[in-house]
Amino acid sequence: MGNLQADILGKQKEIEGHHNDLLAFYSDLGKTVAAIEMVTPLGFCDQEYKAFLEVEARHIEARQAYERLKLYVTQLEDRSRKIKQIEADIKALQIPQKKLFARLGAIAYEAYGAQTLADHLLEVCTPFFETHCQRTKNLEKAYAKTQQQAKSSLILVRGRARISAQVLAKLLEVQRRKVLPQFAKAGAALIAIGCEGDVPGLGTENLKSELKNFLRRQEELAEELAIHKNAVAKMKDQEVDSPHRQLEQSKSQFALQGKELDKMAALFGKALYETLPVDISSKAIGKVAISLIDQISLHLRRIDQLEHDILQLQNMIKIEELQAQIELDNQKVELLNAQIETSSRQISQVELSIENKRQKIALLMPKKVLDYHGE
C-alpha cells in the first residue's frame with residue numbers, strides 16, 4: 001500500500017505541474033489572440049476579452065507609473081553620485097591649491113620686500129606681510145650689526161657679538177618659517193580679487209599658466225556641481241517625498257497588476273480553447289496560437305491519463321483494504337466457532353451434572369414417596 005500511495009503522490013505532483021503549464025499556455029493563448037483581436041476582430045469570447053482589456057489598461061498604467069518613478073530615482077541617484085564625486089574632486093584640489101597659492105604668495109612677498117608691488121596689490125598683501133617684514137628687517141639689521149661687532153679687535157666685544165649673532169640667526173630662521181602660512185593666505189586673497197596676473201615675476205616660474213589651468217579646472221567643477229545640485233533640487237520639487245519607498249510600492253502594484261493580467265489572459269485563453277472551432281486555421285489566429293492549442297491539448301490528455309491512473313491506484317488501495325477486512329472477519333469467525341465448541345462442551349458437562357444429581361435424588365427419595373409419585 002505504501003508504494004501505491006507514493007505512486008499517487010507522484011502522479012498528483014505531475015498533474016500539478018501540468019496545471020501550472022496549462023495556466024501559462026492559456027495565458028499566452030489569450031494574449032496572442034487578444035493582439036490579433038485588436039487588429040482583426042474575431043468575435044470569440046467577447047465578455048472575457050473585454051475583461052482582459054480592462055485589466056490590461058490598468059497594467060499599462062501601473063507599468064508607466066513604475067517606469068517613470070524608476071527613471072526619476074535612477075536620475076536622482078546618478079546625480080547624487082556625481083555630486084559626491086565632484087565634491088571629492090574639489091576636496092582633492094585643496095592640497096595642490098594650497099601649494100600653488102603659497103607659491104604665488106611667496107612671489108608677492110619677494111615683490112613686497114623689494115617694493116615693486118602696485119598699490120592695489122599692496123592693499124591686499126600688506127595685512128599679511130607688513131608685521132612680519134618689519135620684524136624680519138629689524139632682525140636682519142641687528143644681525144648685520146653683530147656681524148660687524150664680531151670683527152672687533154676687542155676679544156670681549158667679539159665674543160658677545162658672536163653669541164648675539166647666533167641667537168639672531170635662529171630668530172631669523174624662526175621668523176622666516178612663520179611667514180610660510182601667510183604665503184597661502186596672501187595668494188588666496190590675490191586670487192579672490194583676480195589680480196594674480198599683476199604680481200611682478202609671476203611668469204618666471206610658469207606659475208601663471210599653472211594657476212590659469214588650475215582655476216579653470218576649479219571653476220569647471222564648481223559649475224558642474226551647481227548644475228547637478230540645481231537639477232536635484234528641481235527633481236525633488238517635482239516629486240513627492242520618499243521616492244524610493246514610492247518606487248517599491250509602484251513596483252509591487254505593477255507586479256500585482258501583472259499577475260491579474262496573466263489571470264485574465266488565462267481565463268480568456270481557456271474560454272477560447274473551449275470555444276474556438278476544431279478546424280480553425282492558422283490564418284485566422286496565427287501559427288503561434290495553433291501551436292499553443294496543440295500544447296494545451298497534449299497537457300489535458302496527459303492530465304486525463306494521470307487522473308485515470310490515480311483512480312486505478314485508489315481502487316487497488318481499496319481492494320487491499322477490503323481484503324484486509326475480510327481476513328479480519330475470517331479470524332473473528334474462527335474465534336467465534338472456537339467459542340461455540342467450548343460452550344457446547346460446557347453445556348454437555350452441565351447437563352450430565354444435572355442428570356447425575358437427579359439420579360442421586362431418586363436413590364435418596366423414600367419408597368413411599370416414590371409410590372405416591374408413582375400413583
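Buried here means under 20% relative accessible area, a cut-off that comes up in several of the close-ups below. The model is a predicted one.

**View 1. Phe101 and Phe214 meet edge-to-face.** With 8% relative accessible area, Phe214 falls under the 20% limit, so this ring counts as buried. Its partner Phe101 is buried too, at 7%. The ring centres sit 6.4 Å apart, with 80° between the planes. Phe101 belongs to helix 3 (residues 94–113) and Phe214 to helix 7 (residues 207–238), so this pair ties together parts that are 113 residues apart in sequence.

**View 2. Tyr49 and Phe268 make a tilted ring pair.** A search of the whole structure turns up 5 aromatic pairs. In the one shown here, the centres of Tyr49 and Phe268 are 5.6 Å apart and the planes lie at 45°, so the pair counts as tilted. Tyr49 comes from helix 2 and Phe268 from helix 8, so the two rings tie together parts that are 219 residues apart in sequence. Both Tyr49 and Phe268 are buried. Look for Phe52 as well: ring pairs join Tyr49, Phe52 and Phe268 into a cluster.

**View 3. Leu261 of helix 8 touches a set of residues far off in sequence, Phe52 among them.** Leu261 sits in helix 8, which runs over residues 243–275. Its relative accessibility is 8%, so Leu261 counts as buried. Setting aside residues up to four places away in sequence, Leu261 touches Phe52, Val55, Glu56 and His59. For a sense of the sequence gap, take Leu261 and Arg58: they are 203 residues apart along the chain, yet their C-alpha atoms are 8.9 Å apart in space.

**View 4. His59 shows the contact with Leu261 from the helix 2 end.** His59 is part of helix 2 (residues 46–92). At 12% relative accessibility, His59 is buried. Beyond its neighbours within four places in sequence, His59 is in contact with Phe254, Gln257, Gly258 and Leu261.

**View 5. Helix 1 crosses helix 10.** Helix 1 covers residues 2–39 and helix 10 covers residues 287–364; their axes come within 9 Å and cross at roughly 160°. Angles over 145 degrees count as roughly antiparallel, so that is the label for helix 1 against helix 10. The crossing is left-handed. Sorted by class, the contact between these two helices has 20 nonpolar, 8 polar and 9 charged residues.

How values were computed: Residues are numbered from 1 along each chain as its sequence is written. This is a predicted model: local features need pLDDT of at least 70, side-chain atom pairs count only at pLDDT 80 or more; totals for chains, interfaces and linings use all residues. Side-chain values use heavy atoms; hydrogens and water are left out. Helices (H or I, at least four residues) and strands (E, at least two) are DSSP runs, numbered from the N terminus. Buried means under 20% relative accessible area, exposed over 50%, partly exposed in between (1.4 Å probe, protein chains only). Contact means heavy atoms within 4.5 Å. Axes are lines fitted to C-alpha atoms, for helices over the stretch in contact, and angles run from 0 to 180 degrees between N-to-C directions. Angles under 35 degrees count as roughly parallel, over 145 as roughly antiparallel, 65 to 115 as roughly perpendicular and the rest as oblique. A crossing is left-handed if the near helix is turned anticlockwise from the far one by less than a right angle, and right-handed if clockwise. Ala, Val, Leu, Ile, Met, Phe, Trp, Tyr, Cys and Pro count as nonpolar, Asp, Glu, Lys and Arg as charged, and the others, Gly among them, as polar. Rings of Phe, Tyr and Trp (its six-membered ring) pair if their centres lie within 6.5 Å; planes under 30 degrees apart count as stacked, over 60 as edge-to-face and the rest as tilted.
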